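Please find below my notes on the open and enclosed spaces and on the packing, set out as numbered points.

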Amino acid sequence: MTDLSDKKLERLRSLVEEPDLSGTKYRMIEKIASGGMGSVYLVLDGELDRKVALKVLTVPDSSGQMAHRMIREAKVIARLEHPAIVPIHDVGLLPDGRVFYIMKYVEGVTLARFRERHLSVPDLIRLFQRIVDAVAFVHSRSILHRDLKPSNIMVGSFGEVLVMDFGLAVAHAHKAENQTPTSAQAPTANLEKTASGEIMGTPAYMSPEQASGDGESVDQRSDIYSLGAVLYYLLTERHPSFSPAGELIHPRQFNREISRRIEAICLRCMSQSRESRYQSAESLARDLVRYLDDEPVDAYRERLWEVATRWAARNKVILLILAGYLIVRYLVFFFLRV
Amino acid sequence: MTSEPNSHFPTTRFSAVKGLRNADAETRRRSWNALIAVYWRPSYKYTRIRWKLDPEQAQDAIQSFFLTAFEKQYLADFDPSIARFRTYLRICLDRFILKERQSSDRLKRGGDIEHLSLDFASADSELNRLTASATERPDRLFDQEWVRSILVLSIHKFKATCVEQEKEINFALFERYDLGDDASLTYAQLGEQFALSIETVTNYLAWARRQFRQTVLETIAELTATEEEYREEVLAVLGIKLT
């Protein structure tokens with residue numbers, strides 16, 4: 001055996017790279033994903049005879065910083081019991097010394113893949129609304145996600161939304177229920193950088209304050225920005241795009257079917273200034289409900305004709321009755337005169 | 001469910017790189033043989049591509065290089081704080097060939113040099129199958145071939161271990177399933193072929209993979225001088241960082 005083809009060589013490398021599960025109750029099935037920090041494998045829990053997902057650290061970690069981050073991620077997820085957050089079952093060290101955690105195995109597709117299906121704008125907004133609800137819950141537990149993007153959101157086989165990958169999530173100071181933070185009181189988080197000084201996160205979905213590395217300014221409104229970028233993607237099937245001058249290209253320039261009201265919601269989320277964005281995920285969720293109910297939204301000041309058009313669209317029956325009544329009145333008046 | 005970190009990694013190990021400097025001649029020879037076993041093939045392919053030598057010239061260059069390096073012990077000067085051993089060896093090889101070229105304008109067929117027993121024909125055969133893109137970067141080719149050499153050597157060692165422990169069937173399963181060409185082969189089919197239950201196949205393969213992994217780690221340990229270099233090379237070969 002001296003002739004080892006490239007294909008076999010890669011197969012052997014991945015075999016050896018596989019987490020050593022000896023002495024654990026888990027049995028390897030297959031690798032299902034690779035991320036920036038680790039790989040995710042589908043494994044069988046031998047005791048409960050069920051499939052679960054095992055995430056294991058695969059990146060260089062001489063300082064132990066990444067292992068620490070992964071354990072922190074596991075602890076963050078453990079605090080989040082919500083239908084839209086994948087529950088975590090176990091965390092520990094494998095016999096080969098690597099940190100791992102076990103989470104529920106979800107059969108579904110990423111939001112990016114799901115978007116390829118042709119859904120109506122209202123259906124997309126209803127989907128987005130569930131994402132916002134999940135993020136609102138995360139914020140209510142004093143946690144910032146900091147890496148919201150289509151590939152970190154899954155849609156399950158029943159259409160349920162699942163927010164994943166809390167690798168960059170951080171806890172922030174708890175705020176009072178229903179309290180809208182001002183810039184002065186909004187909870188903030190320290191940004192982490194890699195050894196090379198690179199800011200952690202995904203540029204296209206990252207708020208300006210996060211991209212600049214200004215950790216003091218990163219708060220839940222930074223996640224609101226990322227949510228706006230996710231909405232941008234849902235509406236246009238594109239990552240947020242900017243002109244050469246650095247101005248965000250409005251979604252309607254890519255898709256004229258988008259109403260000005262939903263575009264305004266998206267643009268408000270993605271305002272450069274934190275103060276101009278929605279101040280909480282709850283307020284964004286409320287505006288989405290208003291949009292879906294065909295009511296005026298906070299993000300957009302309608303012109304008179306737009307108010308009239310929207311009112312007419314919502315009150316077609318009344319308009320028809322009124323029109324019928326006027327026609328009858330006109331006919332009666334006409335015949336009486338004749 | 002947790003255990004001692006790194007308990008599956010080699011704790012005491014023989015380093016062939018360190019062994020080059022050993023006062024004992026037998027240890028030096030043993031170290032040298034261990035290094036040649038891994039390095040001759042990547043060095044030969046690299047020489048053919050990087051220096052565009054024909055097979056005969058490249059064979060002589062490799063024979064001369066390894067024999068001269070052993071006699072003059074210039075690989076023993078390796079300083080792990082400056083580079084990895086494989087990088088150092090490649091640079092030494094480059095310098096050697098350059099010097100040979102300058103001194104004689106071309107590498108001649110060596111008449112009086114002692115010849116190592118190396119299977120150049122199979123290396124040439126593998127080289128002929130390489131794609132054009134694989135040969136664009138000779139240094140990358142060297143590294144890739146180095147990984148291949150380590151894995152091939154590890155397979156041989158693993159096979160020997162299985163024979164020694166009377167676990168030939170474990171190796172046979174590993175060879176059929178993990179080294180075979182049939183990607184559609186299932187554990188059930190394997191079980192039928194070897195008259196084993198699926199559970200037994202699963203357990204035997206799990207043992208084989210664990211043992212093979214350990215063998216690869218030991219092989220890398222042999223080829224490195226320091227713990228840091230060992231960890232770097234494990235990352236390069238296996239893509240994992242020892243914590």
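1. In this predicted model, the largest pocket holds about 1100 Å³ of space. Its lining is made up of 38 residues, and those that lie nearest the centre of the pocket are A:R11, A:L15 and A:E18 from one chain together with B:Y187 and B:R209 from the other.

2. Which elements each supply at least two residues of the lining of the largest pocket? From chain A they are helix 1 (6-17), strand 1 (26-34) and strand 2 (38-45), while chain B contributes through helix 9 (198-222). As to chemical character, the lining divides into 15 nonpolar residues, 15 charged residues and eight polar ones.

3. Turning to enclosed space, four cavities of 30 Å³ or more are found when the whole structure is searched. The second largest cavity contains about 60 Å³ of space, and its lining consists of B:L20, B:R28, B:W32, B:A69, B:F70, B:Q73, B:L75 and B:A76. Helix 2 (25-50) and helix 3 (55-72) of chain B are the elements that give two or more residues to this lining, which divides into six nonpolar residues, one polar residue and one charged residue.

4. The largest nonpolar core has 70 residues, and the members that touch the most others are A:F128, A:F166, A:I262, A:I265 and A:L284. Helix 4 (residues 121-140) of chain A provides the largest share of this core, namely 12 residues. Why can this core be said to lie between domain 1 and domain 2 of chain A? Both domain 1 (11-104) and domain 2 (108-301) give residues to the core, and it therefore lies between them.

5. A:F166, one of the core members that touch the most others, deserves a separate look. When its neighbours within four places in sequence are left aside, A:F166 is in contact with A:E73, A:V76, A:I77, A:L80, A:I85, A:V138 and A:H145. There is also a second, separate core, which has 69 residues, and among them are B:F142, B:W146, B:C162 and B:A208.

6. Some totals for chain A may help to place these points. Its secondary structure comes to 10 helices and 10 strands, and of its 338 residues 49% count as buried. If one takes the contacts in chain A between residues at least 6 apart in sequence, 58% of them join residues that are at least 24 apart.

Methods: Residues numbered from 1 in each chain as written. Chains lettered and ligands numbered in written order. Predicted model: local features only at pLDDT ≥ 70, side-chain atom pairs only at ≥ 80, totals over all residues. Heavy atoms only, no water. 1 Å grid on protein atoms, 1.4 Å probe; cavity = no way out; pocket = protein on both sides within 12 Å on 5 of 7 lines; lining within 4 Å. Points joined across faces, edges and corners; volume = space filled by probe spheres on them. Helix = DSSP H or I, 4+ residues; strand = E, 2+ residues; numbered from the N terminus. Nonpolar A, V, L, I, M, F, W, Y, C, P; charged D, E, K, R; others polar. Core = buried A, V, L, I, M, F, W, Y, C linked by side-chain atoms within 4.5 Å. Buried < 20%, exposed > 50% of the residue type's maximum accessible area, 1.4 Å probe, protein only. Domains from an automatic or database assignment. Contact = heavy atoms within 4.5 Å.
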